[in-house]
Amino acid sequence: MNEKLRDLILTDIAAVLLGLILSGLLMLFLDKNPIQAYSVLFTSVLNDKYTFAEIFVKATPLIFTALAFAFTFKANLFNIGAQGQFYIGAIISVAMSLFLGDSIPRGLALIIIFALTIVGGALWGGLIGLAKARFKANEFLVSMMSTYVALAIMNYLLRTKLLETKMEYPQTDPLNPSVWLPIFIPGTRLHIGFILAVVVAIGIWVLLYKTPIGYRIRVVGMNPDAARLAGISASKLYVIAFMISGGLAAMAGFTEVNGVQHMLVQGFNTDIGPAGLGIAILANANPIGIIFASILFGALKVGGTIMGQMSGIPASIIEIMQGFVMIFVIMSYFVRNEIDVRREKRKLRKVVGQ
Amino acid sequence: MINLLARALMMSTPLLYGSIAEVYAERTGMMVTAIEGIFLMGAWGGFVVTYLTGNLFWGVMTAMLVGVLTAALYGWITVYLKQHQVVTGVAINTLVLGLSAFFMRVIFGIPITPLTIDPLPHIHIPVLSKIPVLGVILFQQNILTYIVYLIIPLSYFVLYKTSVGLIIRSTGENPEAVDVAGLPVERIRFLVVLLAGALGGVAGSFYSIGFLGLFTTNIIGGRGWIAFAICFLGNWNPRGAFFGALIFGLAEAVGIYIQSSGVELLPNELFIALPYILTIVLTVARRSFNVPAKLGIPYKKEN
């Protein structure tokens with residue numbers, strides 16, 4: 001195995017462990033035994049098929065939001081608005097699903113809904129790229145703000161146009177089962193959205209590393225001056241990168257609405273945007289790595305919920321675990337860099353010594 | 001109308017603290033993207049200590065302290081470990097969201113009724129508060145708003161008329177020169193980030209103990225980011241931050257006013273989203289930015 005990949009994996013594992021240990025120490029404040037809490041967690045995850053599958057259910061939207069961040073990151077752009085693009089995707093998915101119902105066959109309906117969801121997310125994201133390309137607006141700021149706008153739109157629709165027929169809670173009517181994503185492991189909630197996410201991640205890897213457009217995106221990210229000299233139009237790529245990024249985040253809306261919730265509820269999945277960013281960093285923005293890092297974050301989510309049910313530890317432990325893991329992962333970049341520098345020095349010394 | 005303007009000034013107070021904090025930090029080249037988390041910790045710390053001691057002064061002091069601590073973590077990772085500022089900020093914001101909720105539970109358990117405190121009182125300044133119109137708007141506010149009246153001219157003076165200000169500005173424009181002059185670039189940046197943490201902590205406490213008198217984890221709801229945005233839109237100077245904060249405070253006050261008036265001409269959500277839409281529009285519309293040259297770039301000494 002090459003040295004850098006080995007360092008990446010080892011330091012990532014260390015970062016995750018440190019994050020879990022520190023979160024565990026906090027449990028002592030509630031007079032809970034962290035070792036017991038974690039062991040209850042592991043046994044219930046491993047012994048129960050439903051719970052185990054739940055990890056992959058939770059990982060699914062995270063793969064999409066992490067890919068959304070990673071994709072623009074490769075062009076040295078910051079899409080902090082994946083949360084908002086996810087909301088837009090969820091709105092379109094639920095609206096189209098309610099509209100189509102069982103009027104057309106399931107496969108066709110799902111393809112139409114999926115396609116429109118991507119288009120919606122791509123347009124929403126593309127506007128951010130356009131603001132950057134055309135007006136030199138700070139994309140980080142605009143994407144951050146666009147999340148709050150998307151949230152307001154969703155909340156507005158949930159109490160007006162999309163409000164359930166009972167008119168009791170700010171949520172939609174349940175979807176007709178004919179537009180649900182099929183479950184592929186019976187007895188669990190694991191739907192084919194997970195497979196879709198894995199396929200999309202592989203697709204994004206191919207797009208980034210094996211196609212001209214991906215090459216251009218990476219060149220713009222690594223060295224914009226060189227890109228300009230090579231005749232690559234950065235502003236066009238900004239729009240394209242943000243469109244793809246927005247489309248990816250919107251896919252999370254599709255799999256959550258049609259695969260898990262089967263409706264749209266106010267205030268659901270409020271943290272998948274920031275978590276996606278953490279995952280992308282953990283995976284060093286590599287699409288394949290993102291699949292595994294998302295499964296880890298999915299496990300943290302499921303684990304946090306179980307600890308709440310079994311050991312009475314509040315759900316905020318999930319954000320704490322995610323936050324600590326993210327911070328240690330960021331620090332691990334520093335550690336890896338140090339290791340790298342030392343290794344280079346050793347090599348040099350060897351050469352000089354001879 | 002007068003009440004609305006008084007309210008607007010009140011709502012712009014925390015944004016002013018926050019955006020001045022950003023102005024200082026960004027002038028040295030440091031974006032404080034943990035500002036949302038610093039606000040939240042300030043709101044949390046201020047509330048907890050005020051509730052436990054019944055003393056608003058210690059509440060504000062604690063807010064400042066937890067703001068500094070949050071900023072110290074951020075500063076350590078970004079200045080000394082030289083890691084990416086945007087990414088680090090998002091990580092810290094996630095962490096403190098969990099920490100604030102978790103320690104509410106540790107300290108208060110699961111309360112049956114929502115915990116509340118009496119917010120900072122409005123102080124009527126003798127004589128001045130009697131001035132028609134202006135008196136009500138300017139001189140019937142709480143202590144944090146009065147302090148901010150002093151902070152703006154003071155910041156302007158410090159940044160542009162003192163050697164400290166020159167050092168701060170040079171650190172963001174040309175850190176190599178600062179280094180050659182024998183000044184520690186990293187320590188300057190770290191200290192200014194701590195200052196931003198103190199100001200940001202106070203800003204956060206304004207939401208919990210300044211007027212709402214309670215704490216929830218969504219109490220900040222993106223206002224730290226708005227303060228961040230105001231610094232950009234205000235072109236990295238205290239005067240710009242002042243006008244920016246006033247505009248956003250007004251937008252927020254109008255939103256609250258229209259929502260509470262009960263008349264729904266336009267959707268309430270539009271007014272909730274107004275500050276965010278405003279930020280986007282202004283970011284796009286604004287052409288000439290005076291960005292500090294080394295904003296967001298860690299300083300690496302050439303060996």
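User: Which residue lies over the face of Y333(A)?
Analyst: This is a predicted model, where local features need pLDDT of at least 70, side-chain atom pairs count only at pLDDT 80 or more, and totals for chains, interfaces and linings use all residues. Side-chain values use heavy atoms, leaving out hydrogens and water, while residues are numbered from 1 along each chain as its sequence is written. A charge sits over a ring if NZ of Lys or CZ of Arg is within 6 Å of the ring centre and within 35 degrees of the ring normal. At 4.6 Å from the centre of the Y333(A) ring, the residue is R336(A).

User: And how far from the ring centre of F135(A) is R134(A)?
Analyst: Happy to look at that one too. R134(A) lies over the face of F135(A), and the distance to the ring centre is 5.2 Å.

User: Is the pair of F86(A) and Y87(A) stacked, edge-to-face or tilted?
Analyst: Rings of Phe, Tyr and Trp (its six-membered ring) pair if their centres lie within 6.5 Å; planes under 30 degrees apart count as stacked, over 60 as edge-to-face and the rest as tilted. Here the centres are 5.7 Å apart and the planes meet at 40°, so the pair of F86(A) and Y87(A) is tilted.

User: Is Y87(A) buried or exposed?
Analyst: Buried means under 20% relative accessible area, exposed over 50%, and partly exposed in between (1.4 Å probe, protein chains only). Y87(A) has 5% relative accessibility, so this residue counts as buried.

User: Which residue of chain B pairs with Y148(A)?
Analyst: A good one to view on screen: the pair is stacked, with 4.4 Å centre to centre and 15° between the planes. Y148(A) itself is buried at 19% relative accessible area. The partner across the chains is Y276(B).

How values were computed: Chains lettered and ligands numbered in written order. Helix = DSSP H or I, 4+ residues; strand = E, 2+ residues; numbered from the N terminus.
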